[in-house]
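Here is a short set of exercises to work through with the model open beside you. Try each task before reading its solution.

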Amino acid sequence: MNKFFTIALGVLSGAASMFGARHPERITNVEPPYWWTGMASDTLQIMLTGPGIADARFSLEYPGVDIDSQVRLDSDNYKFLYLTITPEARPGKLEFGYTLDGRKGKLVYELRARDRRPEEYRGFSSEDVLYLLMPDRFAKGLPASGDAGRQKSLRNGSVVDRSDPNARHGGDMLGVESHLGYLDSLGVTAIWLCPVLENDMPGGSYHGYATTNYYRIDPRFGTNDDWRRLVGKAHDRGMKVVMDMIFNHSGSAHPWMADMPSQDWYNHPNGDVLTNFRLTTVHDPYVSDYDFDHTVNGWFVPDMPDLNQRNPHLMRYLIQNSIWWIESSKIDGIRMDTYPYADARAMAEWNKAVLREYPDFNIVGECWYSNEAGPAYWQRGNGINRENPELPTVMDFWFILNGREAFNSQTDPWNGLNKVYDHLSNDYLYPDPQRILTFLDNHDTDRFLAAMPEDLGAWKQAQTFLLTSRGIPQIYYGTELLMNGSKEGSDGFVRRDFPGGFPGDRTDAFTPEGRTPVQNEAWDYMSKLLNWRRGEANEVIAHGSLKHFMPQNGLYVYQRKLGDREVTVIMNGNDAPREVSMERTLEILPYGSSLRDIISGENVIIDKEMKFAPRQVMILQNF
């Protein structure tokens with residue numbers, strides 16, 4: 001047996017034992033480690049790993065549970081048991097008998113009772129604001145003395161070096177947990193963490209996008225129990241948790257790469273083809289086989305081999321993995337990385353399978369396009385895609401490419417806030433614009449701010465739009481502190497440590513005293529909007545209709561309305577004051593109307609002519 005695989009099996013065996021599955025020495029890993037009765041799907045795949053285990057023959061006698069099939073693929077070291085679990089099956093221990101090489105063995109597998117009804121998994125929605133953070137860069141909760149112990153079960157481990165933007169910096173889940181109060185006071189309602197599963201890669205893979213174990217939290221972040229506790233603590237505060245997953249590829253150090261269950265477990269297993277990153281090929285009616293293959297089947301990067309979702313055994317494994325994390329840790333949503341790079345039909349089946357178990361759950365797919373048509377193609381029910389992709393929520397990357405210019409340049413008929421107006425005018429392509437994840441920056445892009453601003457006018461307008469327009473807003477960690485910079489030279493430059501999150505930090509930006517005056521101005525502004533949005537204005541902003549007026553004289557006006565409740569936003573997209581006739585907005589702002597501006601706290605009377613200060617924002621409500 002390959003030496004690498006022997007070591008990997010030992011590591012996996014130790015990981016499996018954490019979950020309480022008991023099995024003889026010949027079976028070194030069981031995935032999923034346990035399951036539940038009463039699931040919508042009556043089929044369970046159990047993937048067994050161990051030397052020569054493919055030749056084992058299993059038997060089971062348990063009321064309501066039958067072995068439907070026993071599958072071996074190309075490797076001798078994997079066995080797939082497919083069980084049928086009827087509604088009559090009760091929680092308990094399944095005792096499998098098996099024979100291998102003339103010897104008898106026993107595998108004990110646990111079926112648990114569900115402790116939450118499917119309708120209780122409500123998912124995230126336009127009622128929420130997501131706060132995206134990278135655990136390695138947000139905060140450290142465990143003492144440094146424990147780092148070596150947590151890495152003992154890793155083959156590669158990693159060195160913590162905060163001076164290196166591409167190395168691990170030592171953040172963990174306890175660090176996130178210890179600052180939930182900060183996030184709560186800021187006013188966000190959901191946390192999206194970059195991937196937390198094991199990334200046992202050479203160099204450390206601090207970002208988390210090279211999975212090497214789909215059922216184990218990376219020990220540098222914590223344990224599976226730590227993850228469940230973090231989710232529970234967030235729920236105690238009324239905050240949701242979104243888990244980042246990657247089914248397009250694994251890390252190259254995943255044990256599968258040393259011993260693939262089947263020859264088609266990965267696409268281009270020799271690593272001879274990298275993706276071309278041209279997502280237009282997936283909907284190009286004239287696409288060549290060559291170009292399509294290089295998009296969907298090419299490796300994302302040399303360290304991230306491309307999984308073949310067309311393999312039914314692999315896809316069943318991935319489907320069950322999602323359901324296992326939902327059911328075991330009570331997460332509120334999934335963000336699926338590199339969504340269009342995976343097989344479209346298989347991912348549609350994944351969506352259906354997850355939503356069959358949890359009808360009110362939400363999934364957002366990363367669909368990185370520079371236009372509106374691309375992500376609309378992937379949202380379920382769009383009528384453009386001949387095969388319904390079944391994906392509830394997609395991501396709006398337009399602001400990544402255009403937001404900085406749109407909110408910082410002067411507004412004329414073709415630029416500034418007119419670009420925002422034109423972008424929203426294409427929402428007719430989406431079957432559900434309220435299920436679009438909107439954001440100004442994230443972990444893969446330049447920060448919205450190129451540098452620390454002297455004036456917050458344009459920044460406040462951008463944040464106001466994000467939090468009051470359609471869709472599900474996402475804020476990137478540190479935005480409230482005016483964190484800035486570009487990716488030029490290293491992704492780590494837009495993934496800097498949160499000030500005060502690590503021992504020895506000179507400043508603690510989790511507190512007002514640790515922030516500069518301009519940072520406190522930004523923090524206070526964002527917190528006011530976020531807490532207002534999750535409070536009295538939540539239903540109007542989350543579910544209200546949207547009507548907007550083409551910017552003229554630099555003034556952009558739009559209204560959210562639900563029943564008789566209205567919120568109207570007015571922005572002067574110029575660096576100079578403007579006196580503007582309000583005649584064209586009479587249909588929503590009658591002369592003489594008295595509305596409260598939640599920014600200033602004062603009542604505003606709508607007049608025929610009104611003066612607006614440079615970059616002024618008004619958020620007017622009638623309730």
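A residue counts as buried when its relative accessible area is under 20%. Keep that cut-off at hand for Exercises 1 and 3, and bear in mind throughout that this is a predicted model.

**Exercise 1. Is L482 buried or exposed, and what is the sign of its phi?**

Solution.
- Step 1: locate the residue. L482 sits in the loop that runs from strand 18 (472-476) to helix 15 (517-534).
- Step 2: apply the cut-off. The relative accessible area of L482 is 0%, so L482 is buried.
- Step 3: read the backbone. Phi of L482 is positive, about 65°, although the residue is not a glycine.
- Step 4: look at another such residue. N553 also is not a glycine, and its phi is positive, near 55°. Its place is the loop between strand 19 (545-552) and strand 20 (555-562).

**Exercise 2. Find where the confidence is lowest and where it is highest in the protein chain.**

Solution.
- Step 1: start with the whole chain. Its mean pLDDT is 95, and 96% of the residues reach 70 or more.
- Step 2: go to the extremes. Helix 1 (residues 3-17) has the lowest confidence, with a mean of 36, while strand 9 (residues 130-133) has the highest, at 99.
- Step 3: mark the weak stretch. Over residues 1-22 pLDDT stays under 50, and the model has 47 contacts beyond four places in sequence for this stretch.
- Step 4: decide how to read such a stretch. Predicted coordinates should not be read in detail where pLDDT is low.

**Exercise 3. Which strands pair with strand 3, and how many bridges are there in each pairing?**

Solution.
- Step 1: place the strand. Strand 3 spans residues 43-49, and six of its seven residues are buried.
- Step 2: take strand 1 (residues 29-31). Three bridges join it to strand 3, and the two run antiparallel. Here E31 stands opposite M47.
- Step 3: take strand 6 (residues 78-85). Its pairing with strand 3 is antiparallel as well, over seven bridges. L44 stands opposite L83 in this pairing.
- Step 4: return to E31. A cis peptide bond, with omega about -5°, joins E31 to P32. P32 belongs to the loop between strand 1 and strand 2.

**Exercise 4. Work out the strand order of the four-stranded open sheet and say why strands 2 and 4 are its edges.**

Solution.
- Step 1: pair strand 2 with strand 8 (residues 103-112). Two bridges join them, and they run parallel; W35 has L111 as its bridge partner.
- Step 2: pair strand 8 with strand 7 (residues 92-100). These run antiparallel over nine bridges, with F96 partnered by L107. They form a hairpin with two residues between them, and D101 in the turn has a positive phi of about 55°.
- Step 3: pair strand 7 with strand 4. This antiparallel pairing has three bridges, and G97 is the bridge partner of S59.
- Step 4: assemble the order. It is 2-8-7-4, with mixed pairing. Strand 2 (35-36) and strand 4 (57-59) are at the edges because each has a single partner strand, so one side of each lacks a neighbour in the sheet.

**Exercise 5. What classes of residue line the second largest cavity?**

Solution.
- Step 1: search the whole structure. Eight cavities of 30 Å³ or more are found.
- Step 2: pick the second largest, with a volume of about 70 Å³.
- Step 3: list its lining, which includes D136, D147, R150, R168 and R220.
- Step 4: sort by class. The lining has five charged, four polar and one nonpolar residue.

Methods. Residues numbered from 1 in each chain as written. Predicted model: local features only at pLDDT ≥ 70, side-chain atom pairs only at ≥ 80, totals over all residues. Heavy atoms only, no water. Buried < 20%, exposed > 50% of the residue type's maximum accessible area, 1.4 Å probe, protein only. Pairing = 2+ DSSP bridges. pLDDT = per-residue confidence, 0-100. Contact = heavy atoms within 4.5 Å. 1 Å grid on protein atoms, 1.4 Å probe; cavity = no way out; pocket = protein on both sides within 12 Å on 5 of 7 lines; lining within 4 Å. Points joined across faces, edges and corners; volume = space filled by probe spheres on them. Nonpolar A, V, L, I, M, F, W, Y, C, P; charged D, E, K, R; others polar.
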